[in-house]
Amino acid sequence: MFDAKCEAMGREDLAQLQIERLQLTLNRVYRNVAFYRHTFDAAGVAFEKIRAIEDFKEIPFTTREDLARSYPYDMFAVPLKDVVRIHSAPGASRRMIAVGYTKNDLRHWTDCAARILTAAGVTDQDVVQIAFHYDLFSGGFGFHQGAERLGASVIPASATMSLETQVTIMRDYKTTVLIGTPSLACNLGTMLDAFKVQPQALHLRVGLLGAEPWSEEMRARIEAMLHITAIDSYGLTAVMGPGVAGECACKDGLHVNEDHFIVEVIDPRTLRPLPPGEEGELVFTTITKEAFPVIRFRTGDVSALVPGTCACGRTFVRIRRIAGHIDDRLFFGGRNVFLSQLERIMGEVLGTLPHFQIVLDRKDGVDGMEIRTEVSAEIPSIDELKTLDRLRLAIVQRIEVEAGMQVKVTFVEPKTLARSETGEVARVVDTRE
Amino acid sequence: MLRVLNLEAGYGNLRVLKGVSMHVSPGEIVALIGANGAGKTTLLGAIAGIVRATDGEIVFDGRAIRNAPAERIVRLGCALVPEGRQIFAPLSVKENLMLGAYARRRREPRAAAHARMEEVRGLFGVLGERQGQLAGTLSGGEQQMLAIGRALMSAPRCIMMDEPSMGIAPKIVKDIFQTVVRLRGQGMTVLLVEQNARAALAIADRGYVLEAGRIVIEGSARDLLDNRDVQRAYLGKEYRRIDE
């Protein structure tokens, strides 16, 4: 562990620390951030009466819209001159969110990232290739700082260079740890052959991946193709950035850095907190951030608290791997299906994302899903019937393996799916009773 | 070791502490800083059982001690070095020290108290040299050492100090703070209230900032030293820049 004193602290000590930090955070945001002062007052919340974490449910939520409305600096809890870094997060309706960090915020972020890296097995002996974007969105920075803090050798490869260059660097610089998105790792794995590089010729041993939902099947594929252990991590700029939570070697949920964040899982319809094991929307409250604290921020990410304790010795609560985003979730056959996952598979198989429509029906109590896909000239050699059959089969198989469900895929003529007045194809048509 | 949760305390109708939560772990030096009137002394007083708390919890070593008699709290191992020393001026140095062992008089043989007095003299040589002298004739720094020595005579595991640097020459302050570090090295837990934030944070592991009866900042000593609000309010950093 990077910081065993914190990461393995007793739950009672942690509860004390969390309530202390929550109370002072509420004191500070009430005094320094107009939005929170107004929200608390309007909701009639006596934040001073928050005596235990359980009292928490009285405090109103903060949404991405709230943050976007405060663009650029109205959510800052310190004067701008105390801010030493500004990143951005996607806001609502195409607006952005500006997220500030003080010197202390950056140090805490670095420490959190270092913990996640250590939990993934990264040490000062490693050569770490970071293939996240280094830009306004916090991407590469958190792990970059954390890996340097550990004393690893850090290559800021970023995500802009070609796959071939990534592989060349990986081979020549003897990279041992790859950090990036699972899609990138997957693409690298697929392309190794084309670049005439054997996975054995690489020194890679760990992939610390994240920033998008990915399945266990995808993990297995990445691990097999690159001969690595693939570890999941979670973070978002509005809360801090990469380093909010991460898996340990047990690969059984992501430990949340609970001395810095209070995590809740709520039912997005009733907004009630859910007990461990039940799936809902992740909600985070920052309790050490100085510049940009967020109170009960609704992430939109779907997960669940993992009940029980972890064999690794860390006492911090775990969240299940992110299943997807609340806005693109549909219930199918008693489980959650995420449109983004289907979109990704379609795009990967077809090489382009055509117009498609998901039609849900129910026969004899069994849910059925048909994916109607418009053929288009952009799909390679689409004019051959054999190709169509092959593509159809590929999509069906990938969805079965990665999403664990059986679907029917049909191809239809261009521009035959019903359009709305704005020319958009309704993504989901649900004919179930 | 010491855990305070949602503590409210005050004097008559005056509410000084408005829901304070803080803790000190075993072997830690924790600094509590804040302006005059923020409630620092009231907090120590409430923990020590000399200021009445109206709500909240105080737990020392797993035992609830809110509004327990002051001498019971001392016996449990939590001693206070009060603000302004509060030594007994007409008594000798030795007599002052022996008074510190009063709470334990029925629990241990006299010899144990004498052995402890030897330790205290080892810590503050000057107290040994002047053991027969009247406490009121000591210098400010020596009186402070006597007050700390007296607290140590109760064999505490946690010592709370209220403004030990007040009105004392900087060189002596340094000596006293070094003694605090030495005590911690022997396993002592320390809660240090200080106006002199810079000196306190130099030896502390963690710190809290108390403002108008509420905790507004908590963190490692480094976090506090790097916090711009702390710099502005308690380290006098930006004023100097304005002067220049």
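Which residues of α8(A) are buried? Keep that in mind as you look through these close-ups of a predicted model.

**View 1. The buried residues of helix α8 in chain A.** Here's what to look for: A:P182, A:L184, A:A185, A:C186 and A:L188 are the buried ones in α8(A). They have plenty of partners in chain A, since the buried residues of α8(A) pack against the helices α7 (163–172) and α9, and also against the strands β5 (177–180), β6 (206–210) and β7 (229–236).

**View 2. Helix α8 packs with helix α9 in chain A.** Zoom in on residues 182–191, which form α8, and residues 216–226, which form α9. The two helices pack at an angle of about 40°, and their axes are 9 Å apart. That angle makes α8(A) oblique to α9(A), because it falls neither under 35 degrees nor in the range 65 to 115. As for handedness, α8(A) and α9(A) make a left-handed crossing. On the α8(A) side you'll find A:P182, A:A185, A:C186, A:L188, A:G189 and A:T190, and these meet A:M218, A:R221, A:I222, A:M225 and A:L226 of α9(A). Sort the residues of this contact between α8(A) and α9(A) by class and you get eight nonpolar, two polar and one charged.

**View 3. Helix α10 packs with helix α11 in chain A.** Now hop along to residues 339–350 (α10) and residues 385–403 (α11). These helices pack at an angle of about 140°, with 10 Å between their axes. So α10(A) and α11(A) are oblique to each other, as roughly antiparallel would take an angle over 145. The crossing of α10(A) and α11(A) is right-handed. From α10(A) come A:Q341, A:L342, A:I345, A:M346, A:V349 and A:L350. Facing them in α11(A) are A:L391, A:A394, A:I395, A:R398, A:I399, A:E402 and A:A403. By class, the contact of α10(A) with α11(A) has ten nonpolar, one polar and two charged residues.

**View 4. Chain A touches chain B.** Last stop: the place where the two chains come into contact, with 16 residues from chain A and 16 residues from chain B. On the chain A side, the elements giving two or more residues are α2 (11–32) and α5 (103–119). Which element provides the largest share of the side of chain A that touches chain B? That's α2(A), with eight residues. Split by class, the side of chain A that touches chain B has three nonpolar, five polar and eight charged residues.

Methods
Residues numbered from 1 in each chain as written. Chains lettered and ligands numbered in written order. Predicted model: local features only at pLDDT ≥ 70, side-chain atom pairs only at ≥ 80, totals over all residues. Axes fitted to C-alpha atoms, helices over the stretch in contact; angles between N-to-C directions. Helix = DSSP H or I, 4+ residues; strand = E, 2+ residues; numbered from the N terminus. Left-handed = near helix turned anticlockwise from the far one by under 90°. Contact = placed C-beta atoms within 7 Å. Nonpolar A, V, L, I, M, F, W, Y, C, P; charged D, E, K, R; others polar. Buried ≥ 20, exposed ≤ 12 C-beta atoms within 10 Å, placed from the backbone.
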